[in-house]
Amino acid sequence: MSGAPPLGHLAGLHPYETEHGTFALALDMDRPMMAGGPGVLEVAMLADLALGGALRRELGPGLPMPTISMTIQLMPGSSAEVRAATGDASAHVDRTAVSRSRLISGTGEVLGDALGVFAFPALPYDGPHQPMPWDDDAATVRGSSAEEAHGPAVLDSEAESVAAAVCGHAAGAPEQAWGSTLLEQSAEKTETGLVYRPTAPVANRMGNVQGGVLFAIAVQAAATAADFSACELVSGTIDFISAAGTDEELKAEVRVRRSGRRVLFATVDLSQGERLCATVTAVFRR
């Protein structure tokens, strides 16, 4: 398969040029997987990839650029209305880069924003490249598809079976985002949060759990702990500490800092065994 993660293909992510010429990625709402509309998982994945895509356009296509930290801010209940994310490479120095993104609706309304901090190698870079489909200038044409530019996604049998199950659920219950369904199918509530069992579609190009998925797992765990909805997220920050593999369950341990009728503040630790993978701070408002 190409460099795009399976989740990106399933959501039909494709690049397009904005009227100002900035980099942007959009979801394909005609895909069966998107029948229920985007949720926190889709929005977080979209933001992460748009932030990195903007930096690759400036620094060079195919550069390995792991995310160090990402913050997403949204209007309450607006995740289902997000259709695209613009990207703007803000600054880079000493192998560290910052990128900003706006999360926008199908009519161009700004629903939120995102900020990402990335690590990148010393330049000029002569190591192995890890291209994404939209790194190619030929793919950054308004309305073009990443799959059309680089061929269809090829998923292994496990990914295909999970995708089929999620797609079937979405067709029967279109009011729920398929990403949320995927998390529910693979998660179990515990006394302190959630235990999540990764499946093939959540892997990134390196075979680890994609950063947007980690963000969504933590948000879901925090919301569940205090009887909030994940779509009521208004602000979330994830710090990536170590890679989370797909061959071991993830534990999401929640600490509720404050919970009221309208607002929830929580922190979440994501770990595999004794290894801390990420920490998340989340704020919800209803």
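**Helix H6 and the strands around S3**

Of the 15 residues of H6, 12 are buried, so the helix is largely enclosed by the rest of the structure. This is a predicted model. The buried set comprises Gly211, Gly212, Val213, Leu214, Phe215, Ala216, Ile217, Ala218 and Val219, together with Ala221, Ala222 and Ala223.

The length of H6 can be checked against its residue count. H6 covers residues 211-225, and at 1.5 Å a residue its 15 residues should span 21 Å; the C-alpha atoms at its ends are 22 Å apart, which agrees. At the N-terminal end, Gln210 acts as the cap, with a side-chain oxygen 2.6 Å from the backbone nitrogen of Gly212, itself one of the buried residues of H6. Beyond the helix comes Asp227, which has a positive phi, near 60°.

The loop between H6 and S9 contains Glu232. The relative accessibility of Glu232 is 16%, and because buried means under 20%, Glu232 counts as buried. Leaving aside residues up to four places away in sequence, Glu232 touches Gly77, as well as Val283, Phe284, Arg285 and Arg286.

After this loop, the path continues into strand S9, residues 233-240, which pairs with S3 in the antiparallel sense over 5 bridges. Within this pairing, Ser235 of S9 stands opposite Gln73. S3, residues 67-74, also pairs with S6, residues 110-119; here the sense is antiparallel and there are 7 bridges. In that pairing Leu74 stands opposite Gly112 of S6. S3 thus has antiparallel pairings with both S6 and S9.

Note on methods
Residues are numbered from 1 along each chain as its sequence is written. This is a predicted model: local features need pLDDT of at least 70, side-chain atom pairs count only at pLDDT 80 or more; totals for chains, interfaces and linings use all residues. Side-chain values use heavy atoms; hydrogens and water are left out. Helices (H or I, at least four residues) and strands (E, at least two) are DSSP runs, numbered from the N terminus. The expected span of a helix is 1.5 Å times one less than its number of residues. Buried means under 20% relative accessible area, exposed over 50%, partly exposed in between (1.4 Å probe, protein chains only). A polar contact is a pair of N or O atoms within 3.5 Å; within protein, one must be able to donate a hydrogen and the other to accept it, and residues adjacent in sequence count only if both atoms are side-chain atoms. Two strands pair if DSSP finds at least two bridges between them. Contact means heavy atoms within 4.5 Å.
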